[in-house]
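Colleague: I have some questions about the labels on this model. Take me through the reasoning behind each one.

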Amino acid sequence: MNDILPDATPRWQQLEAVTRAILAAYGYREIRTPVLERTELFARAIGEVTDIVEKEMYTFDDRNGDNLTLRPEATAGMVRAGLTHGLLYNQVQRLWCAGPMFRHERPQKGRYRQFHQIDVEAYGLPGPDIDAELIVMGARIWKRLGIQPLELQINSLGTPEARAAYRTKLVDYLRRHEQKLDEDSQRRLGRNPLRVLDSKDPGTREIVAQAPNLLDHLDQASRAHFAALRALLADAGVAYVVNPRLVRGLDYYSRTVFEWVTTRLGAQDAVCSGGRYDGLVAQLGGRPASAIGFAMGVERLVALMEEGEVPMPDAAPHAYLVRVGERAERAGFQLAEKLRDALPQLRLVMDCSGGSFSSQLKRADKSGARIALVLGENEAQAEQVGFKPLRNNAEQVTLPWDAVVPRLAPWLE
Ligand code: HAM
C-alpha cells in the first residue's frame, strides 16, 4: 500500500481531470459507493473459485458479527447500489466510480495491495454499439493523456450455455495432457478450467495453443454481436487484436471481454480491463439488465505517463509573498487576501516562517514561484510592494497595491 506523496499527486490529478472531462463528454455520471460491502456480495458476483475470492480479499467480522470485505473491485458494489436505489430496472445508466481497491496479492512493480481504479459501467444497453463506445472512449482517454499506443485485446466468451458446452470440450482436451500442465493449471482444471487458457507457464501455453478455440464454440447471437463490435471498432479506426485466450479472472463476464495492455511495465501488463456481464444484475437479485464496463488501473497509467515523459502540469505557486517587519506582516496578510479575491486562479504562498529578506527570498526561490512580492516596513506604510520576477533576472520594480493585479495576471496563463 503506497503513500502518494505531494510531488506525485499532480500527475494523478492530471489523469483524473482528463478522464472526468471525457466521461462527462460521453454522458457518464459519477457514483460513490462504500469501500466496505458484505463479503457475500463479492463471493456471489466475482465467483467463489476465483483467485480474488479464494485468497486475496481483506475480510473481517465487524462488531455486530457482520462479515465484511474491503472492496477488491468496484463493479459488484455498483450493481448492489443500483439495485438498492432502483437505478437499474428498465433504465439506461452510464456511471463511473473512482477510488481505492484492496487485494492481498503478492506485491511487485505495478501490483499493490491497495490500488486505485476508475471504473466505468453502462446498464440497460444490450447492443454492441455500447461495447464499442466504451472502448473508443478509452482510446480517447489514452490519447488525451499523451500515453504511447496501447494494444487492445478483445474476445467473446459467449453466453453461459455456450461456454458450458465449450468448457466440457476444453476439459476433455486438457485432461489428455494433464501431466504436462503446470501445477496451478492442474488445480484449476477441476474448478475453473477456462483460466488455464491464460496461464503464463510456457509448457501449459504449448498445450493451450492446440486446445479447442472458444470463438469456434460461440452461440449465433454472440457471434453476431462480436462481429458487429469489430466492425464498429474498424469504423472508428481503433486497432485491436482478437485474443481467444483472454478469459479474465472474474466469473461474471459474458460475450465481450477486453484489455488494454502494454509491454512497458513488465509482468503487470494490463492497464485497463473489462467486459460485458449481462447475467450479474439478475444473479444479484434484480430483474435482468444488460451491463458492460471496464476499470482503469490508475497506478499503471500514472507509471506509463511517467515513463513516456508526459509533461507535468505546473503546480508551483505563481507568486510568493515576502513580509519583513510587524507592519508588513499585517499589511501583507491583507494584500494576500485582496489578490486572492481578484484572481481566483492565482496560486499565492505567503511566507509565515519569518526571518530576513534574504532568507524569505531563498524560500521563495525554492518554492518554484515565478514572482516574489516583497513587503518591508516602507512598502507597507506606502501601500506599495516590490514585484520581483524570479526566473529571468529581471529588475525588481515597486508598484502601488492597485497595480499588482494587472501586473500578475499575464503570469497566470
Ligand atoms: P480487473 O482486471 O481485476 O477488473 O482490474 C482492472 C484493472 O485494475 C487492471 O487492468 C489493472 O490495471 C488494475 N489492477 C488490478 N489489480 C491491481 C493491483 N493489485 N495493483 C494495481 N493495479 C491493479 C476489474 O476489477 C473489473 N471490475 C473491471 C470491470 C468493470 N469489468 C466490468 N466492469
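**Labels and their reasons**

Modeller: Start with helix α9, where Q220, A234 and D235 are exposed on the other side. Keep in mind that this is a predicted model.

Colleague: What makes Q220, A234 and D235 count as exposed?

Modeller: The cut-off is over 50% relative accessible area. Q220, A234 and D235 are classed as exposed by it.

Colleague: Which residues of α9 are buried?

Modeller: S222, H225, F226, L229 and L233. Buried means under 20% relative accessible area.

Colleague: Why are the buried residues put on the same side of α9?

Modeller: Because they cover an arc of only 95° around the axis. In general, an α-helix has 3.6 residues a turn, so residues three or four places apart point the same way.

Colleague: How do you know that the span of α9 is close to the one expected?

Modeller: Helix α9 runs over residues 220-236, which is 17 residues. At 1.5 Å a residue, 24 Å is expected. From first C-alpha to last, α9 reaches 25 Å.

Colleague: Turn to the cysteines. How many disulfides are there?

Modeller: Zero. A disulfide needs two cysteine sulfur atoms within 2.5 Å. For C97, the nearest cysteine sulfur is that of C272, 14 Å away. C272 is in no disulfide either.

Colleague: Why is C97 called buried?

Modeller: Its relative accessibility is 1%. The limit is under 20%, so C97 counts as buried. C272, at 0%, counts as buried too.

Colleague: Now the empty space. How many cavities of 30 Å³ or more are there?

Modeller: The count comes to one. The largest cavity has a volume of about 80 Å³.

Colleague: What makes a residue part of a cavity lining?

Modeller: An atom within 4 Å of a grid point. For the largest cavity, the lining is V49, T50, D51, E54, R187, R188, R191, N192 and R195. Helices α3 (51-56) and α7 (183-191) each give two or more residues. The most come from α7, with three. By class, six lining residues are charged, two polar and one nonpolar.

Colleague: What makes a space a pocket, and not a cavity?

Modeller: A pocket is an open set of points, whereas a probe in a cavity cannot get out. The second largest pocket has a volume of about 340 Å³. Its lining has 16 residues, and R163, R167, N192, L194 and D251 lie nearest its centre. Helix α6 (residues 160-176) gives the most to that lining, with four residues. By class, the pocket lining has nine nonpolar, six charged and one polar.

Technical notes:
Residues are numbered from 1 along each chain as its sequence is written. This is a predicted model: local features need pLDDT of at least 70, side-chain atom pairs count only at pLDDT 80 or more; totals for chains, interfaces and linings use all residues. Side-chain values use heavy atoms; hydrogens and water are left out. On a 1 Å grid over the protein atoms alone, a cavity is a set of points where a 1.4 Å probe fits but cannot get out, and a pocket is an open set with protein on both sides within 12 Å along at least five of seven lines; lining residues have an atom within 4 Å of a point. Grid points are joined across faces, edges and corners, and a volume is the space filled by probe spheres set on the points. Ala, Val, Leu, Ile, Met, Phe, Trp, Tyr, Cys and Pro count as nonpolar, Asp, Glu, Lys and Arg as charged, and the others, Gly among them, as polar. Buried means under 20% relative accessible area, exposed over 50%, partly exposed in between (1.4 Å probe, protein chains only). The expected span of a helix is 1.5 Å times one less than its number of residues. The arc is that of the directions from the helix axis to the C-beta atoms.
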